[in-house]
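User: I'd like a close look at one part of this model, with every cut-off spelled out as you go. Could you also show how that part connects to its surroundings?

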Amino acid sequence: MKLLESSRFEALNAALCFDSGDSKIVGRIESYSCKMTGNDKQLYKRFNAEQGVTPNDLQALSPPQSGLGLSPCQSYYSRSISGDEEGPLCDTISRRTLFYLIATLNAAFQPDYDFSDAKSHEFSKEPSMQWVMNTVDSNLSATVGEQYRSLRANVWSAIQDEISLADCDIYSYNPDLTSDPFSEDGCLWSFNYFFYNKKMKRIVFFSCRAINSIYLMDSGVGSDFTMDEDDDTY
């Protein structure tokens, strides 16, 4: 996955760092090309071989966590991936698309984390763009209020111009606590959204976390959550 440079996203990423007093917010938006390099192609072949599946196999996704208790997942009857028995399944994802999501995570969080062993059930397909916008806006507005509301229009406008949201499938990464890079003590909430435009062969990754300020002071690791302009990780 190749990171696509965007001065607009870089400016937004600097603005998506907030300190509300009670918590510190670190957010970032990045654009990645899905056009495979030679190394990507080798990793993709290994990805399929290690899982013992073919590229055309579909994998089951988990229901979107943001909708638990509010709306049923978009289920339908289909044949079980592991056998012939029919039953209700939530959304599925192709092996290729799953590889793109995992490769995006690896590119975004390298070298600190390796997501190569991530499974399809750690991802969800979001029911709508409005659903995602409501979740993002609700989290950020509740935490930093006007600071985010003054930035909101620019955030969604930049994502729209980069990826054409109407043509996107939107996925989220919802791992268990041992796999989540944001599961450290003091994390109040986090989200990881992928806006995937198949026609453009591009993914926009929107990631954000809120860290308890008291935890940062007590642990003395506050500097770990700042975004240094010279830090290539961001």
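Analyst: Happy to; here is a walk from the whole chain to a group of aromatic rings, and then outwards from there.

A word on conventions first. This is a predicted model in which local features need pLDDT of at least 70 and side-chain atom pairs count only at pLDDT 80 or more, while totals for chains, interfaces and linings use all residues. Residues are numbered from 1 along each chain as its sequence is written, and side-chain values use heavy atoms, with hydrogens and water left out.

The chain has 7 helices and 11 strands; these are DSSP runs numbered from the N terminus, with helices being H or I over at least four residues and strands E over at least two. Of its 234 residues, 44% count as buried, where buried means under 20% relative accessible area, exposed means over 50% and partly exposed is in between, with a 1.4 Å probe and protein chains only. About 12,400 Å² of the chain is exposed, and carbon and sulfur atoms supply 46% of that; the areas come from the Shrake-Rupley method with a 1.4 Å probe, and for residues only the protein chains shown count as cover. Taking a contact as heavy atoms within 4.5 Å, 70% of the contacts between residues at least 6 apart in sequence join residues at least 24 apart.

Now to the rings. The structure holds 16 aromatic pairs. One of these is tilted, since the ring centres of Phe109 and Phe115 are 5.7 Å apart and their planes meet at 50°. For reference, rings of Phe, Tyr and Trp (its six-membered ring) pair if their centres lie within 6.5 Å; planes under 30 degrees apart count as stacked, over 60 as edge-to-face, and the rest as tilted. Phe109 and Phe115 are both buried, and they belong to one aromatic cluster together with Tyr113, Phe123, Tyr173, Phe194 and Phe205. Phe109 also has a charged partner: the charged end of Arg28 sits over its ring, 4.7 Å from the centre. The test for that is NZ of Lys or CZ of Arg within 6 Å of the ring centre and within 35 degrees of the ring normal.

Helix H3, residues 95-109, brings in Thr104. Thr104 counts as buried, at 0% relative accessibility. Leaving aside residues up to four places away in sequence, Thr104 touches Phe194 and Phe205, along with Met1, Tyr32 and Ile203, and those two Phe residues are members of the aromatic cluster. A polar atom of the Thr104 side chain also lies 2.8 Å from the backbone oxygen of Tyr100. A polar contact here is a pair of N or O atoms within 3.5 Å; within protein, one must be able to donate a hydrogen and the other to accept it, and residues adjacent in sequence count only if both atoms are side-chain atoms.

Beyond H3 comes a backbone feature worth a look. Most residues other than glycine have a negative phi, and most peptide bonds are trans. Gln110 and Pro111 are joined by a cis peptide bond, with omega about -5°, and Pro111 is found in the loop between H3 and strand S8 (123-125). Phi is positive, near 55°, at Lys201, a residue in the loop between strand S10 (187-197) and strand S11 (202-212). Lys201 is partly exposed, with a relative accessible area of 46%. Ser164, with phi near 60°, is another non-glycine residue with a positive value; its loop runs between helix H6 (152-163) and strand S9 (169-173), and its relative accessible area of 23% makes it partly exposed.

Finally, helix H4. Its 16 residues (129-144) should span 22 Å at 1.5 Å a residue, and the end C-alpha atoms are 22 Å apart, which agrees; the expected span is 1.5 Å times one less than the number of residues. Its buried residues are Met129, Val132, Met133, Thr135, Val136, Asp137, Leu140 and Val144. An α-helix has 3.6 residues a turn, so residues three or four places apart point the same way. After H4 comes Gly145, with a positive phi near 55°.
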